[in-house]
Amino acid sequence: MAEINEIKDPKEIKGDKEDYDPTKKREIIKTILIIFLAVLLVLTFFSNTIMNKSLSEISTQRVTSGKLTERIRGSGLVESNQSYGVTVDGNKVVDTVMVKSGQEVKKGDVLLTVGTGESEDLTAAEDNLATMELEYQKAMLTPPADYTSENQAIKSAREDLAAAIAKRDNVAANQGNIQAAKDTHKYNQAQLNNYTKLQTKLSAIITAIDTDEYAGAPVEYTGDLIMLKAAYTDAESAYNAACSFLDSLKEADEPDAAAIEAAQSDCDAKSAVMASAKEAYDSTKFSLRSEYAYQLIDAEANVDWYTAQVDDYEKGGGSESMTLDELNEDVRSKQRALEELIAALNKTKKENDNQAKIDHLDLESKKKEVEKAKKKVDKLRKENETTEIKSKYSGIVSSINVKAGDTTVPDTELMNIDIAEEGYTVQITVDGEKSKKVKKGTAAEIVNNWSGDLQAVLTDIKNDTTAGSKNRILVFTVTGEVDSGTYLDLSIPCGNGNYDCIVPKSAVHEDSDGKFVLTVVSKSSPLGNRYYAERVPVEVVVSDEQSSAVSGNLNMNEYVITAASKPVKHKDQVRMKDE
């Protein structure tokens, strides 16, 4: 019978684990609960502060009512009503600029001096004089006519005539076998010509065989080579095509063994045909080349031999052998050549005499041209003396376009002078509807009137001539200390009126839905007041530099947002700057 072990009380069981203690567990739960409640209490008390720190901080102003003056703003460039440009005739060099930009000048005041530098006209005249003097000196150095070469030619012609006469007399005394030697020489020349042609053809066919190119080869030597080469080329193409077909069958996704075997057999058969065609072509080609090479050696030997025979005949004077009639004609030809040389020399001497007279006249003409050029240079040098350029009117120097050392260009303005007594104007472009709110005679405020003595009065309103423009141009007469080229910022009053809703210009915004302001709405909560931004659409009636009169669902004393620490949208919660 199996032994029954005694079951012990769990409290008596001891091991690695600690004794079970319910009281200690309750203490831990209690501590955790206390910490959670404390954190929750802190967050409750400080949640308002934490949230406010994350909100956009805004600045506000109340909506007011009252009087507002509408203004038109614009800027323009001050222009003189009349000015004149200072110019200088001819190309001069500026010596000294006597005035500065903005300086007041009187009529007759010296503005600048010119002429002390090099003049382009003077330089050109001096260069022309140098060229003419050089040509005149060259003309004076023309050498007299020289007939040395003509006399030498006549002397040589006389000697040639004497030699021809002697040769004719010698041949007349000794006719001999001259004709037989000529016949032999003629035969040798014919043979040399034949073997030279043969040599050329054999060289061409050998080259064609070596390169496998028969287009330029003599057809009488090609034999069966062209046909055999064509047969070999066709067999090679057929073999390559069969091999390509075999390769495509092997590379197929599902190779066909039967088709591959048939294609392999066809490829092997075509390979044999190609090999047979190549062997036939190579055999014939090598056989013919060997035969043509031997023929070429023989042809070259004959060319060398007949060349030597022809050369010997010609070196021995045989080729120059002439008949008695030919020798007589040769004597007459040389006699005519001598007479022509003598006649040409006489003609040349006469022409040279006439040319010498013409050269003398040209020399006198060149001398007169040199004298004329010297007078022009002297005149320009006098004209190039320093000249004072004086002001034609009293006024203000508005711009200076040159400096000392610059070269003037005709009709180019060196400086501009505003005629002060004619006054100044400034023009600004404004919207056509706005221009209806101003009238001629209105005085504009000059925003950048730093000197304090400037005045601008509206004297004219005219249309903007730009195509399609509906704008108008306001023209103001400007008085006081002002210079051309100065930009003036103008503020033109358009009248004033009383308005119910006036807000700062910084409070008015615009998006795709139109213009609007953001008001501040207050809502109560257990932790205090909450502030929210609310969009209110408005229409801007008039504006001045700081404020805008608007119409819309706004009430007096409502707060509008004028600035924010970060972007604010409709319904966003915000915090007031003074909190």
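Author: Let's begin with a term: a strand here is a DSSP run of E with at least two residues, and strands are numbered from the N terminus. Keep in mind that we are looking at a predicted model. With the term in hand, Lys571 can be placed in the loop between β20 and β21, the latter covering residues 573-576.

Reader: What makes Lys571 count as exposed?

Author: The word exposed needs a relative accessible area over 50%. Lys571 has a relative accessibility of 55%, so Lys571 counts as exposed. Its backbone is worth a look too: Lys571 has a positive phi of about 80 degrees, although Lys571 is not a glycine.

Reader: Why is Asn557 called partly exposed?

Author: Partly exposed covers the values between the buried limit of 20% and the exposed limit of 50%. Asn557 has a relative accessible area of 44%, so Asn557 is partly exposed. Asn557 sits in the loop between β19 (547-552) and β20 (559-564). Asn557 is not a glycine, yet its phi is positive, at about 70 degrees.

Reader: What makes Leu33, Phe36 and Leu37 a nonpolar patch?

Author: A residue can join a patch if its relative accessible area is over 30% and it has no salt bridge, and nonpolar side chains such as Leu and Phe are joined within 5 Å. Phe36 has a relative accessibility of 51%, so Phe36 passes the 30% limit and also counts as exposed. Leu33, Phe36 and Leu37 together show about 320 Å² of accessible area on the surface. Phe36 belongs to helix α1, which spans residues 22-54.

Reader: How do you know that β5 and β8 stand at the edges of their sheet?

Author: Look at the strand order, β5-β7-β8, in an open sheet with antiparallel pairing. β5 (94-97) and β8 (387-390) each have a single partner strand, so one side of each is left without a neighbour in the sheet. On average, neighbouring strands of this sheet are turned by 25 degrees against each other, direction ignored.

Reader: How do you know that β7 and β8 pair?

Author: Two strands pair if DSSP finds at least two bridges between them. Strand β7 (residues 110-114) and β8 have four bridges, so they meet that rule, in the antiparallel sense. One residue pair to look for is Thr113 with its bridge partner Glu388 in β8.

Reader: What makes β4 and β6 the edges in the sheet of β4-β10-β9-β6?

Author: That open sheet has four strands with antiparallel pairing. β4 (83-86) and β6 (104-105) each have a single partner strand, so one side of each lacks a neighbour in the sheet. Between β6 and strand β9 (residues 395-400) there are two bridges, so this antiparallel pair meets the rule of at least two. Val105 stands opposite Gly395 in β9.

Reader: Why is the contact between Asp212 and Lys285 called a salt bridge?

Author: Side chains of opposite charge can pair when their charged atoms come close. The rule asks for a side-chain nitrogen of Lys or Arg within 4 Å of a carboxyl oxygen of Asp or Glu. The closest N and O atoms of Asp212 and Lys285 are 3.2 Å apart, so this pair qualifies. The pair links distant parts of the chain, 73 residues apart: Asp212 is in the loop between α4 (178-211) and α5 (219-222), and Lys285 is in helix α7 (residues 257-315).

Reader: What makes Lys285 count as buried?

Author: Buried means under 20% relative accessible area. Lys285 has 8%, so Lys285 is buried. Its partner Asp212 has 25%, so Asp212 is partly exposed.

Reader: How do you know that Asp282 and Lys278 are separated by about one helical turn?

Author: They are four residues apart in helix α7, which means about one turn lies between them. Their closest N and O atoms are 2.7 Å apart, so they form a salt bridge under the 4 Å limit. Asp282 is buried at 16%, whereas Lys278 is partly exposed at 36%. Asp212, Lys278, Asp282 and Lys285 are linked in a network of salt bridges. The structure holds 17 salt bridges.

Reader: How many disulfides does the rule give?

Author: A disulfide needs a pair of cysteine sulfur atoms within 2.5 Å. By this rule the count is zero. Among the cysteines, Cys267 is buried at 5%, and Cys501 is buried at 11%.

Technical notes:
Residues are numbered from 1 along each chain as its sequence is written. Side-chain values use heavy atoms; hydrogens and water are left out. Patches are made of residues with over 30% relative accessible area and no salt bridge: like charges are joined within 9 Å, nonpolar side chains (Val, Leu, Ile, Met, Phe, Trp, Tyr) within 5 Å. Accessible areas come from the Shrake-Rupley method with a 1.4 Å probe; for residues, only the protein chains shown count as cover. Buried means under 20% relative accessible area, exposed over 50%, partly exposed in between (1.4 Å probe, protein chains only). Axes are lines fitted to C-alpha atoms, for helices over the stretch in contact, and angles run from 0 to 180 degrees between N-to-C directions.
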